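Here is a short briefing on how parts of a protein meet. Look first at the structure, then work through the points below.

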Amino acid sequence: MTTATRLFGSAIKRREDPRFITGKGTYVDDVKLPGTTHAVFVRSPHAHARIKSVNTAKAKSAPGIVAVFTGQDVQTGPLPCAWLLPGIKIPPRPVLAQGKVRYVGEPVAIVIAESAYAAKDAAELVDVQYEPLPAVVDCQKAHAKSASQLFDDVPENQSFDWSIGDKAKTDDAFKAAAVVVKQRLVNQRLITNAIEPRACAASYAPATGDLTLWVTSQNPHVARLLIAAFVLGMPEHKMRVIAPDVGGGFGSKIPVYNEEVAVCWASKALGRPVKWTAERRESFLTDAHGRDHLTEAEMAFDRSGKILGFRVATHANLGAYLSTMGSLVPSYLYGPLLSGVYTIPAIFCRVWGVLTNTAPTDALRGAGRPEATYMIERLMDLAARTLNMDPVELRKKNFIPADKFPYQTPVAFVYDSGNYGPALDKALEMVGYRKMREEQEKARKNGQYLGIGLSTYIEACGPAPSSVAGALGAQAGLWESALLRVHPTGMVTVFTGSHSHGQGHETTFAQLVADDLGIPMEQVEVVHGDTGSVPFGMGTYGSRSAAVGGSAIYTSLQKIKEKGRKIAAHLLEAAEGDLLYEGGKWSVKGSPDRAKAFGEVALMAYLAHNLPQGMEPGLEVTSFYDPVNFTFPFGTHIAVVEVDPETGHVKILRYVAVDDVGKVINPMIVDGMVHGGITHGVGQALWEWGAYDDQGQLLSATMMDYALPKADQLPSYETARTVTPSPVNPIGVKGAGETGTIASTPAIANAVLDALAPFGVTHIDLPLTPSRIWQAVKAAKK
Amino acid sequence: MKRQIKVTINGVGYSHEVEPRLLLVHYIRDVVGLTGTHIGCDTSQCGACTILLNGMAIKCCTMLAVQADGAEILTIEGVAKDGHLHPIQEGFWEKHGLQCGYCTPGMILAAYQLLQRSPNPSEAEIRHNLEGNLCRCTGYHNIVKSIQYAAQKMAGR
Ligand code: FES
Ligand code: FES
């Protein structure tokens, strides 16, 4: 196992790449089913309206038309919300609008034709008459008696009122405080924008009753369960969901969406395949959005800068309906993160989940943790300024000490492991912190405004364990499956319930298996994304694939080796305890020539001519691994920016990231995820904003209006790692898919506000666009 | 009202009757069946559909198939020659210039034109030239490295 160069930990080139760089990937829109029809959706142009009538007569006689269905035809169960908070109201979310529309883009009818062009023409002919109603967009305004209501039985549009922590203790902490910093913070709405738009193709076979759905999903089994059992009401085992190559998810491909169900329903109704691919405008209007919090946050300190308490009140905008994980993201993925990397004796957080006439919100890279981290890290910088301390010093003073792990926070989490000082020190050294501060001083004298921004963050990956999640309202388990099939030739196929949509599991999981078995990677293949071959799995979200999916694979590996050892011992006529497994073979301790290679044992397992008494033939194992706890990556990011106060333009000069994601299977892949993650968070800090007007029209509904980060706006990143293995899983990994996003938004925001300190600007809400910066500087100068 | 068009894609001649409104990207993907060219935005902002048309990098979601009549087209499927990866493809593989792979064909073709015009581009030049190609996965960091790798390789360094 411990050979000179281990596969675990090596920067091995990805085996999925050859198909992608030659144009041979298979994404959902590339799937061409014989005889397929094409769907286009008629969508609401209103944010809130009563549907007076839908006339489909003209559309039904358009050239190439196959069928038109409305909410009256498509009678199914509502789209589910899979996390039930105490007292939560989950108004039904129909597949196609029933009586009312509640956000711009909500599907009203599905138009199906022989070609996508014909379907689009026919969709133009569907005549929907609406009676517009007043719209509510701002979640604080929507949360009022006088506000227009989306649902008759959801007063004040409040879906839930959730809290965590100790209110009385926190209030007391504030009474004892020497210094209190307080800030209203907007965490603006974001739109995910995976570059591959959502797509689905359903094919129903009337002869057998089997339904196959190809869909851009991060969790095909969950999609199958929810769609078959809860929405369509058909036997789950008669449905197969395939999520082939998927072009990025970032959370937006977790939920079950209207269109996926509609094409399934229509394919059953028509007995023909039905396919739909979103146009980018539809992605903007109907992919689950993220964030959108309005928060009042305050932190109490003693004179020396020690944190005494943290109090948070958040209005979370859920959109018009609860998306699949819409209730989880602003509650349990948010409040429990509020201790950050700091010792905070008392925390109280209250969250109102409010429905508005906007697209439903759900997970978006980081999902709750960026919202929490942005708030904590902004308050730390505000406090440093108030206390007249260096932001580094204030952070160090409050870090949870390395000898306090596992650490119980006042908001439910028990942190698995951590050592925050070294990551911070490494980042400071890389950026040359002291020198940077001097340069900043000098530059200011020359009328140049440099800013240095820190963020010392915590992340929580791989939600766990299932029993606790269940007690907290989860309608699903949080485990992962792994089927390891060893073939008679010693080749291994790994069927993982995790799903890769860019993460590179085909490579990393093969590394993990080949490393543990001591066999060449070429002997290992990884299969994912098809409920037809993979055992039930939970898919990929919350940076869980390595920690939970990887641990499931590891568990199967141990069982395979256990059986293999028994067979080898039998064949070698040795005691099991005398065998050593190394370099792909079992040998008798002290006499390395008496050995059986992995492949020989595999063959014997299938020949079954000479197995230990009572042993079943074959060599394959399925494990379901339920994690005992989350893992908690952490680190320090430092951004150095230059702000032009005359134009409000921000230039990122340097970006240093030191992350601790536990053990690393493939450093190249982890670095890549960190780069992408940082960029996503930079986008939130500086440019991205899913903006609605007061009428509920999405103002940023194209890539022209919604500013995604581009290559020429970014620097190359300087990355490094510290390694604090996680003790909660057998492979010591934590998770790396979202750390960058969680860390970078506050690092950039803090840097920009640090640059503007000479003007007395203390806070600007995200995104820090040139116009906002310019206005803040102008207002401060007055 | 269909019109006959003739194009050469990756050295192979095609001739089809198409609707005048058919977008070139749909022609390539759905009529010819080369699905390596992707659609990310259908509004010429993301660059996923970048191809070379008569040697020029263009976004084929914003061109009609009939406008391409008589053109020579290079798509991602034609970039490798005789089973050998092009240095740009190699660069993306070596330097981990892709994750989900969806933007990748467009990135590779944008880089193809860049390196034709400027065989030894600076980092700033590379970043500037990728301004019309969006990637949500990589943060561009390794895409820049991939193109630098290709430039070196193509210069025989
Ligand atoms: S699909 Fe053509 S530029 Fe986006
Ligand atoms: S690799 Fe996924 S969008 Fe670029």
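Buried area is the accessible area, found with a 1.4 Å probe, that two parts lose on being put together, summed over both. By that rule, domain 1 of chain B and domain 2 of chain B bury about 1300 Å² between them. The model is predicted. The points below start inside chain B, then turn to chain A and one helix.

**Two domains in chain B**

- The domain assignment splits chain B into domain 1 (3–78) and domain 2 (87–154).
- Their centres, taken over C-alpha atoms, are 21 Å apart.
- Domain 1 of chain B gives 18 residues to the contact, and domain 2 of chain B gives 15.
- Of the area buried between these domains, 60% is on carbon and sulfur atoms.
- On the domain 1 side, B:His38, B:Thr50 and B:Ile76 lose the most area to domain 2, together 37% of what that side buries.
- The rule finds 0 salt bridges between the two domains.
- It does find 8 residue pairs in polar contact there, with both residues at pLDDT 80 or more.
- S3 and S4 of chain B are the elements that give two or more residues to the domain 1 side.
- That side divides into 9 nonpolar, 8 polar and 1 charged residues.

**Chain B meets chain A**

- Here 47 residues of chain B are in contact with 53 residues of chain A.
- The two chains bury about 4300 Å² between them, with 56% of it on carbon and sulfur atoms.
- In chain B, B:Trp93, B:His96 and B:Arg136 lose the most area to chain A, together 21% of what that side buries.
- There are 6 salt bridges between the chains.
- B:Arg29 and A:Asp30 meet through their side chains in a salt bridge, at 2.7 Å from N to O.
- The rule also finds 27 residue pairs in polar contact across this interface, both residues at pLDDT 80 or more.
- Five helices of chain B, H1 to H5, are the elements that give two or more residues to the side touching chain A.
- H2(B) gives the most, with 4 residues.
- The chain B side divides into 20 nonpolar, 16 polar and 11 charged residues.

**Helix H1 of chain B**

- H1(B) is largely enclosed by the rest of the structure, because 7 of its 9 residues are buried.
- Among the buried residues are B:Leu24, B:Tyr27 and B:Arg29.
- The buried residues of H1(B) pack against helix H3 (116–123) of chain A and strands S1 to S5 of chain B.
- After H1(B) comes B:Gly33, whose phi is positive, near 90°.

Methods: Residues are numbered from 1 along each chain as its sequence is written. Chains are lettered from A and ligands numbered from 1 in the order in which they are written. This is a predicted model: local features need pLDDT of at least 70, side-chain atom pairs count only at pLDDT 80 or more; totals for chains, interfaces and linings use all residues. Side-chain values use heavy atoms; hydrogens and water are left out. Contact means heavy atoms within 4.5 Å. A salt bridge is a side-chain nitrogen of Lys or Arg within 4 Å of a carboxyl oxygen of Asp or Glu. A polar contact is a pair of N or O atoms within 3.5 Å; within protein, one must be able to donate a hydrogen and the other to accept it, and residues adjacent in sequence count only if both atoms are side-chain atoms. Ala, Val, Leu, Ile, Met, Phe, Trp, Tyr, Cys and Pro count as nonpolar, Asp, Glu, Lys and Arg as charged, and the others, Gly among them, as polar. Buried means under 20% relative accessible area, exposed over 50%, partly exposed in between (1.4 Å probe, protein chains only). Domain bounds come from an automatic or database domain assignment.
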